[in-house]
Amino acid sequence: MRCRRRSDPHGDAGAVTVEAALALGALVLVTAAAVAAVAAVGAGVRCADAARELVRQAARGDVERGRAAVAALAPSGAESELRIEGDTVAASVRARPVRLLPVTVGASAVAVLEPGAGASGAGGPGGAAGDGPSGTGFPSGARPTGPVGTR
């Protein structure tokens, strides 16, 4: 009489394949979640940079330059909002970093209008008006020296 082995190699046929498929699926899911989390953090940082630049430019009276900065800095498909109320400027930028997930990241920034910067922010009359005729915010003919945008 033969003794039957407990671990029959033919009785568990395919079990290892199923376990490997489940493990591989879980690994792919965890990796996708990690990539989405990194994308969300990166998009949040880009939204914060864009909101900060938009509010800074708007506070100086140059809204168009701020909007151009948002287009350059924010993630693709981002939405920006600018509010000028009294002597404060508030901006918010929102984006969906992973289109398949209903996750929205965003940032906001607030600044005080600089003296001489008008509420319209168009750069013309009522915009970034200074003493000079060009509407640059600087006295007649006066311009800052050195690289622009370094503070």
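Two residues are in contact when their heavy atoms lie within 4.5 Å. The legends below use the word in that sense and describe a predicted model.

**Figure 1. The whole protein has two helices and three strands.** Along the sequence, these elements follow the pattern α-α-β-β-β. The protein has 151 residues, and 25% of them count as buried. Its accessible surface comes to about 10300 Å², and carbon and sulfur atoms account for 61% of that area. Of the contacts between residues at least 6 apart in sequence, 44% join residues at least 24 apart.

**Figure 2. Gln 57 is a buried residue of helix α1.** Its relative accessible area is 3%. Buried means under 20%, so Gln 57 falls in that class. Setting aside residues up to four places away in sequence, Gln 57 touches Asp 62, Val 63, Arg 65 and Gly 66.

**Figure 3. The largest nonpolar core contains 20 residues.** Val 55, Leu 82, Val 89 and Val 93 are the members that touch the most other members. Two or more residues of this core come from each of α1, α2 (63-73), β2 (88-95) and β3 (105-112). Helix α1 gives the largest share, seven residues.

**Figure 4. Val 89 is shown with the residues around it.** Not counting residues up to four places away in sequence, Val 89 touches Val 55, Ala 58 and Ala 59. Leu 82, Arg 83 and Ile 84 are also among its contacts. The list is completed by Ala 109, Val 110, Ala 111 and Leu 113.

**Figure 5. Pro 75 sits in the loop between α2 and β1 (79-85).** Is Pro 75 buried or exposed? Pro 75 counts as buried because its relative accessibility is 12%, and the limit for buried is under 20%. Apart from neighbours within four places in sequence, Pro 75 is in contact with Ala 43, Arg 46, Cys 47 and Ala 95. Val 45 is 30 residues from Pro 75 along the chain, and the C-alpha atoms of the two are separated by 9.7 Å.

**Figure 6. Leu 24, Leu 27 and Val 28 make a nonpolar surface patch.** The patch has an area of about 300 Å². One of its residues, Leu 24, is in helix α1, which covers residues 15-60. Why does Leu 24 count as exposed? Its relative accessibility is 53%, and exposed means over 50%.

Definitions and conventions. Residues are numbered from 1 along each chain as its sequence is written. This is a predicted model: local features need pLDDT of at least 70, side-chain atom pairs count only at pLDDT 80 or more; totals for chains, interfaces and linings use all residues. Side-chain values use heavy atoms; hydrogens and water are left out. Patches are made of residues with over 30% relative accessible area and no salt bridge: like charges are joined within 9 Å, nonpolar side chains (Val, Leu, Ile, Met, Phe, Trp, Tyr) within 5 Å. Accessible areas come from the Shrake-Rupley method with a 1.4 Å probe; for residues, only the protein chains shown count as cover. A salt bridge is a side-chain nitrogen of Lys or Arg within 4 Å of a carboxyl oxygen of Asp or Glu. Helices (H or I, at least four residues) and strands (E, at least two) are DSSP runs, numbered from the N terminus. Buried means under 20% relative accessible area, exposed over 50%, partly exposed in between (1.4 Å probe, protein chains only). A nonpolar core is a set of buried Ala, Val, Leu, Ile, Met, Phe, Trp, Tyr and Cys residues joined through side-chain atoms within 4.5 Å.
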